[in-house]
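Student: Could we go through this chain together, with each term defined as it comes up?

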Amino acid sequence: MIDKPSDMFDRDGEWAQLSRFVTSTFERATLGVVSGRRRQGKTFLLQAMCEATGGFYFGASEVVPKPEALRQLGDALREFTGSPAAYRFQDWGQAIDTLLALATDRPIPVVLDEFPYLARESKELPSVIQNALAPRRTQRLASRARLLLCGSSISFMSELLAGQAPLRGRAGLELIVATFDFRVAAEYWGLRDRRLAALVYFVLGGTPAYRAEQLDGETPQRVEEFDDWVIGHVLNPANPLFREVRMLLAERSFQTSFTTPRPARATRSTWRPSAPMANSSRWAR
Ligand SMILES: Nc1ncnc2c1ncn2[C@@H]1O[C@H](COP(=O)(O)OP(=O)(O)O)[C@@H](O)[C@H]1O
Ligand SMILES: [Mg+2]
């Protein structure tokens with residue numbers, strides 16, 4: 001198995017699955033799909049895998065028309081290969097064949113991250129990949145590319161492989177990167193006190209990015225610090241976490257992460273801020 005980088009917390013199972021897929025000895029190109037809600041570490045995992053194996057990573061940009069997306073991919077390929085000549089693709093067929101040709105002597109991951117952005121502007125892309133990976137096609141048999149399509153829209157990514165979809169039955173890996181559960185999250189936040197770990201989990205859940213990006217690693221170390229921590233960070237209008245709930249509720253990937261619909265219940269909160277919260281003037285100025 002490929003060594004997991006030391007800055008990656010947990011994700012041993014995901015890393016093992018990815019390693020197995022990337023190093024498999026199939027003498028042809030193969031396809032994998034990675035999905036999961038935003039900020040769970042999909043890009044982190046895939047970039048780490050590309051770094052560890054010399055793979056190619058491309059992250060698509062949102063709302064970019066097809067010619068521009070192909071140009072950006074061409075630029076990323078030029079940087080990756082060090083080619084003096086530019087890659088100019090007229091269509092996705094050429095681009096996918098060039099990606100397959102990156103791995104002729106040994107298997108390497110070839111990642112198209114934010115795949116739904118690409119497919120939104122190029123509806124033909126799943127069919128193009130299906131054709132490129134046709135079982136007896138020469139370019140597929142000559143390639144050892146481990147093509148990985150990644151996206152945060154769980155419904156979009158699973159529909160890619162479902163029913164009558166062109167890529168149905170083509171993928172050898174379907175990896176869902178889930179949020180950390182309570183125990184893993186407690187360890188990630190470095191919280192030994194179970195009560196404090198539960199309180200922090202009730203507020204943040206198990207999204208790893210919050211520590212690295214929104215909180216800069218700051219967590220309460222004792223239960224007594226919890227209220228002030230909530231006020232100073234989560235309820236601080238200048239911290240993006242303040243608006244996070246609204247953002248999450250608007251995200252399709254979040255809505256579809258709940259497979260069982262829950263009945264709507266009208267509830268009225270009886271919760272009131274505790275004394276230190278009500279008295280805090282830190283952000284109420
Ligand atoms: N397993 C992990 N260990 C340490 N940090 C992580 C881990 N997973 C995610 N992160 C942090 O969360 C950030 C966001 O993850 P990212 O890969 O961009 O999420 P996604 O692609 O799923 O939206 C990363 O930049 C990293 O700082
Ligand atoms: Mg990402």
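The questions below move from the whole chain to a strand, a helix and the ligand shell.

Tutor: This is a predicted model, in which local features need pLDDT of at least 70 and side-chain atom pairs count only at pLDDT 80 or more, while totals for chains, interfaces and linings use all residues. Residues are numbered from 1 along each chain as its sequence is written, and chains are lettered from A and ligands numbered from 1 in the order in which they are written.

Student: What percentage of the 285 residues of the chain count as buried?

Tutor: A residue is buried if 20 or more other C-beta atoms, placed from the backbone, lie within 10 Å of its own. The secondary structure comes to 15 helices and five strands, where helices (H or I, at least four residues) and strands (E, at least two) are DSSP runs numbered from the N terminus. Of the 285 residues, the share that counts as buried is 32%.

Student: Is strand β1 (residues 30–35) largely enclosed or open?

Tutor: On one side Thr30, Gly32 and Val34 are buried, and on the other Leu31, Val33 and Ser35 are buried, which leaves both faces of β1 covered. Six of the six residues of β1 are buried, so the strand is, with respect to the rest of the structure, largely enclosed.

Student: Which residue of β5 is the bridge partner of Val33?

Tutor: Strands pair if DSSP finds at least two bridges between them. β1 is joined to β4 (residues 145–151) by six bridges in parallel, and β1 also pairs with β5 (residues 171–176) in the parallel sense over five bridges. In β4 the bridge partner of Thr30 is Arg146, whereas in β5 the bridge partner of Val33 is Glu174.

Student: Within what arc do the buried residues of α6 fall?

Tutor: The buried residues of helix α6 (residues 125–132) are Leu125, Pro126, Ile129 and Ala132. They line one face of the helix, because seen down the axis of α6 (taking directions from the helix axis to the C-beta atoms) they fall within an arc of 125 degrees.

Student: Where does ligand 1 lie with respect to the domains?

Tutor: Counting a residue as near if its C-beta atom, placed from the backbone, lies within 6 Å, there are 17 residues around ligand 1, of which Gly41, Thr43, Phe44, Ala209 and Ala212 come nearest. The elements that give two or more residues to this shell are α2 (42–53) and α11 (209–214). With bounds from an automatic or database domain assignment, both domains give residues to the shell, so ligand 1 lies between domain 1 (12–176) and domain 2 (182–260 + 272–277).

Notes. Buried ≥ 20, exposed ≤ 12 C-beta atoms within 10 Å, placed from the backbone.
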